[in-house]
Amino acid sequence: MDRIRIVGGNPLHGIIPISGAKNAALPLMIAGLLTPETLILDNVPRLADVAQLQRILGNHGVDIMAVGKRPGDGQYQGQTLQISAADIIDTTAPYELVSRMRASFWVIAPLLARMHEARVSLPGGCAIGTRPVDLLIMALERLGAGIDIAAGYVVAKAPGGLRGGTIDFPKVTVGGTHVAVMAASLAKGTTIITNAACEPEITDLADCLNKMGARIAGAGTPRIEIEGVASLHGARHTVLPDRIEAGTYAIATAMTGGDVRLAGARPELLQSALDVLAEAGAEISSDAEGIRIVRNGHGIRPVQVTTAPFPGFPTDLQAQLMALMVRAQGASEITETIFENRFMHVQELARFGARISLDGETARIEGVGTLRGAPVMATDLRASVSLVIAGLAAEGETMINRVYHLDRGFERLEDKLKACGATIERIRE
Ligand SMILES: CC(=O)N[C@H]1[C@@H](OP(=O)(O)OP(=O)(O)OC[C@H]2O[C@@H](n3ccc(=O)[nH]c3=O)[C@H](O)[C@@H]2O)O[C@H](CO)[C@@H](O)[C@@H]1O
Ligand SMILES: C=C(OP(=O)(O)O)C(=O)O
């Protein structure tokens, strides 16, 4: 498996182009199952998760064509995918494919809505907690589906088709909201979703579905109303920029010092994270081109942060912020409220000399002046990139093992950082 070698100490200077969002591209690709016509998605990031979802959709009979570069496309232009689910030949999503990526479970919604049946393996994904799917199942049941769980598979049936209903989520769930929105789009009648997730990726999905002929109002708020339609048609949609990738490079710049422009990033998608970085001492500005982050001279101030659903501080930036706080001048506290076990990075950050203690869902970080490079390994995507951030600021060499997780969510990470002056290389094995 590939490794990444970093020699730390260089401040970052330059421009980092922000890719299309993984967490928007995945549900958008899955939405391609809802129509027999072609859905064209622009700005799809080149990621292992996207490739894996292509395989999963292919297994259902979906044709996916990646359109090559067009004249004028830059080095990091996202790819264009033409997704055509004219004939769905198989409504089973097998364990071998689904167990590698949690979001692939969401195919259950369009398969059930369009084909009136689906058999989908219980999902896998990052090791960040138990991650049940009870609320996704509840949402489908509220739309009239009969659900059984047998031999590790969720078997869903709606012989006469789904019908509209009320779905009141007891807890905010991004995946649950994606599933409810997709399924309700083809259900008979009106669906009201309350306590819906407000994440920008939900709005992106709803915008695309509306282009396909769906009637969805209120996406981006806790109350979504959907008037089901009999069928959806083809459309063209551009995936929104990745707010987690943007936040990650903003934190990396705050960590190393320097001056970086995040080209294409949209500040309103990560305002809570930018506010925290400003509190920690970074200077942040934005314009139509993106976000600029500068930290010169002065040190990093400690912060107190609690993760929360959007527009709160995202759990997907918690590990990266913790890496930054390892170098703060004083003690910080970070409380993780979304996933109960998203602290796998703590023991790995300790290898750099970090001083972090855990008390339930709160981590207390005592800032240390200097980090030292180390061999490290992480078991999930954002934890892995927190180790990259630590390595960029550490004295000497850091070797990140098992970079498979990084490739799930960060497109050409080492190229983007190298272009800003980092000493970083991939060792292929
Ligand atoms: C591909 C994708 O977009 N992944 C994101 C998505 O994951 P995902 O959609 O899996 O996360 P959810 O928002 O559903 O999870 C939020 C919380 O609800 C719980 N829960 C969820 C479903 C359920 O049926 N029962 C239940 O109890 C989860 O265990 C967790 O504690 O949102 C998370 C929260 O912003 C992000 O960290 C992930 O990066
Ligand atoms: C946890 C994440 O992804 P997934 O939900 O696919 O595991 C993530 O993107 O940080």
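Start by selecting Arg-215: this residue stands opposite Glu-227 in strand β13. Before moving on, note that this is a predicted model, in which local features need pLDDT of at least 70, side-chain atom pairs count only at pLDDT 80 or more, and totals for chains, interfaces and linings use all residues. Residues are numbered from 1 along each chain as its sequence is written, chains are lettered from A and ligands numbered from 1 in the order in which they are written, and side-chain values use heavy atoms, leaving out hydrogens and water.

**Stop 1: a sheet**

Now show β12 and β13 (residues 224–227), which pair in the antiparallel sense over three bridges. Helices (H or I, at least four residues) and strands (E, at least two) are DSSP runs, numbered from the N terminus, and two strands pair if DSSP finds at least two bridges between them. Strands of a sheet pair through backbone hydrogen bonds, either parallel or antiparallel.

Widen the selection to the open sheet of four strands, in the order β10-β11-β13-β12, with mixed pairing. Which strands stand at the edges? They are β10 (166–168) and β12 (215–217); each has a single partner strand, so one side of each is left without a neighbour in the sheet. From one strand to the next, the twist averages 10°.

Add helix α6 (residues 174–185), which lies across β10, β11 (190–194), β12 and β13 and runs at about 25° to β13. Such angles run from 0 to 180 degrees between N-to-C directions, and axes are lines fitted to C-alpha atoms, for helices over the stretch in contact (heavy atoms within 4.5 Å).

**Stop 2: helix α2**

Next, select α2. Its buried residues (under 20% relative accessible area, 1.4 Å probe, protein chains only) are Asp-49, Val-50, Gln-52, Leu-53, Ile-56 and Leu-57. They cover an arc of only 160° around the axis, taken from the directions from the helix axis to the C-beta atoms, which puts them on the same side of α2. What covers them includes β3 (38–44) and α13 (404–409). Just after α2, look for Gly-61, with a positive phi of about 100°.

**Stop 3: backbone details**

Is Asn-43 in strand β3 buried or partly exposed? At 23% relative accessibility, Asn-43 counts as partly exposed (between 20% and 50%). Asn-43 has a positive phi of about 65° although it is not a glycine.

Arg-402, in the loop between β23 (397–401) and α13, has a positive phi of about 55° and is not a glycine either.

Finish at Pro-311, in the loop between β18 (304–306) and α10 (318–325). The peptide bond from Phe-310 to Pro-311 is cis, with omega near 10°.
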